2 protein chains.
Amino acid sequence: MQKKSTVAEVWQRKYPEQVVLAITRADDGRTNVMAVGWVAIVSDEPAMYMLGIDDNAYTLELIRKNKEFVIAFPGKAMAKETLYFGTVHGHDIDKGKASGLKFEPAEKVNAPLLADAVTNIECKLVTEYRPGNCPLVIGEVIACHVNTDENIKRLINAGTGYDLQ
Amino acid sequence: MQKKSTVAEVWQRKYPEQVVLAITRADDGRTNVMAVGWVAIVSDEPAMYMLGIDDNAYTLELIRKNKEFVIAFPGKAMAKETLYFGTVHGHDIDKGKASGLKFEPAEKVNAPLLADAVTNIECKLVTEYRPGNCPLVIGEVIACHVNTDENIKRLINAGTGYDLQ
């Protein structure tokens, strides 16, 4: 049975929620990484993803500038780093280096792959929408990579307050 | 370590994936329900959701016509019904009635709430995008409901071939 409620309460019950990492490269070579939960596939031919990225994010600035980015699915061992990527701004630091994680060159874009991720998806920016208060970045998939270890599973956000597991 | 791969292989490793039910009402009173996996929050003030709904879906026809719908999070006990909603077309049947599930009147829209769902979110259609080969419906949240039993948890799609659990 249902009872009248609020958006806040509905969103407390939305878990588990997906989480991906959006990886971009700054002009000076720094690797920027952001955790994104508002994400979905939005086309299969061609394959496209939507990321909701807030106005103040350095990631948004770099995607608009470079027109390319990488989407990585973090593995279950990356809870600590994903929390870091999701809660610290990257304007003044190299979040990739600071995280201690390993990166590899991508095939087609000037942003690196996350070496120990479940998968890495290279994207070029197709368009941007803004139906409400958040920019929605649409990326077309132009190259794909998977971990050679297929036993590494995707990290999920299991509950409020970044319950990453 | 990463190896070059394909979209198909990346998508085999995308699980667990979220799943919601989009509920609409036909002119003749039939309840239509569709399972949707391409879904994300796309704004928080006002709250908005995006649903990717394929061109041939009766749900898309009804959303375009009525400009309103309900998004329900199915509970873990609804695996069989969610599979049904995701694999059968509703043009000629009453999927709500055929599912055997209980429905309740909504507050603001002419589509019912799913009584035993985790939550029900009433939406009005805001706009529609089409960055690739799939229409993206954007709905603004206009009323929210949660199950009086907060122990009912969200069903997830745990793997390829509708591994609903």
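This presentation covers the nonpolar cores, the cysteines and one helix of the structure shown above. Please bear in mind that the model is predicted.

I begin with the cores. The largest nonpolar core contains 28 residues. Within this core, A:Y49, A:L51, A:I53, A:I71, A:F73 and A:I121 touch the most other members. Strand 10 of chain A, residues 136-147, supplies the largest share of the core, namely four residues. A second core, of 27 residues, lies apart from it and includes B:Y49, B:A57, B:L60 and B:F73.

Let us look more closely at A:L51. Leaving aside neighbours within four places in sequence, A:L51 is in contact with ten named partners in the list that follows: A:V20, A:A22, A:V36, A:W38, A:V39, A:F69, A:I71, A:P135, A:L136 and A:V137.

I turn now to the cysteines. A search of the whole structure finds zero disulfides over all chains. Why is B:C123 not bonded to B:C144, which holds the closest cysteine sulfur? The two sulfurs are 8.1 Å apart, which is too far for a bond. B:C123 is also buried, at 0% relative accessibility. B:C134 is likewise in no disulfide, and the nearest cysteine sulfur, in A:C123, is 17 Å away. With 5% relative accessibility, B:C134 counts as buried.

Finally, I come to helix 3 of chain A, residues 79-87. Which side chains matter here for packing? A:E81, A:T82 and A:F85 are buried in this helix. These residues lie on the same side of helix 3 of chain A, because they cover an arc of only 100° around the axis. The buried residues of this helix pack against strand 2 (20-25), strand 3 (31-36) and helix 4 (95-99) of chain A.

Technical notes. Residues are numbered from 1 along each chain as its sequence is written. Chains are lettered from A and ligands numbered from 1 in the order in which they are written. This is a predicted model: local features need pLDDT of at least 70, side-chain atom pairs count only at pLDDT 80 or more; totals for chains, interfaces and linings use all residues. Side-chain values use heavy atoms; hydrogens and water are left out. A nonpolar core is a set of buried Ala, Val, Leu, Ile, Met, Phe, Trp, Tyr and Cys residues joined through side-chain atoms within 4.5 Å. Buried means under 20% relative accessible area, exposed over 50%, partly exposed in between (1.4 Å probe, protein chains only). Helices (H or I, at least four residues) and strands (E, at least two) are DSSP runs, numbered from the N terminus. Contact means heavy atoms within 4.5 Å. A disulfide is a pair of cysteine sulfur atoms within 2.5 Å. The arc is that of the directions from the helix axis to the C-beta atoms.
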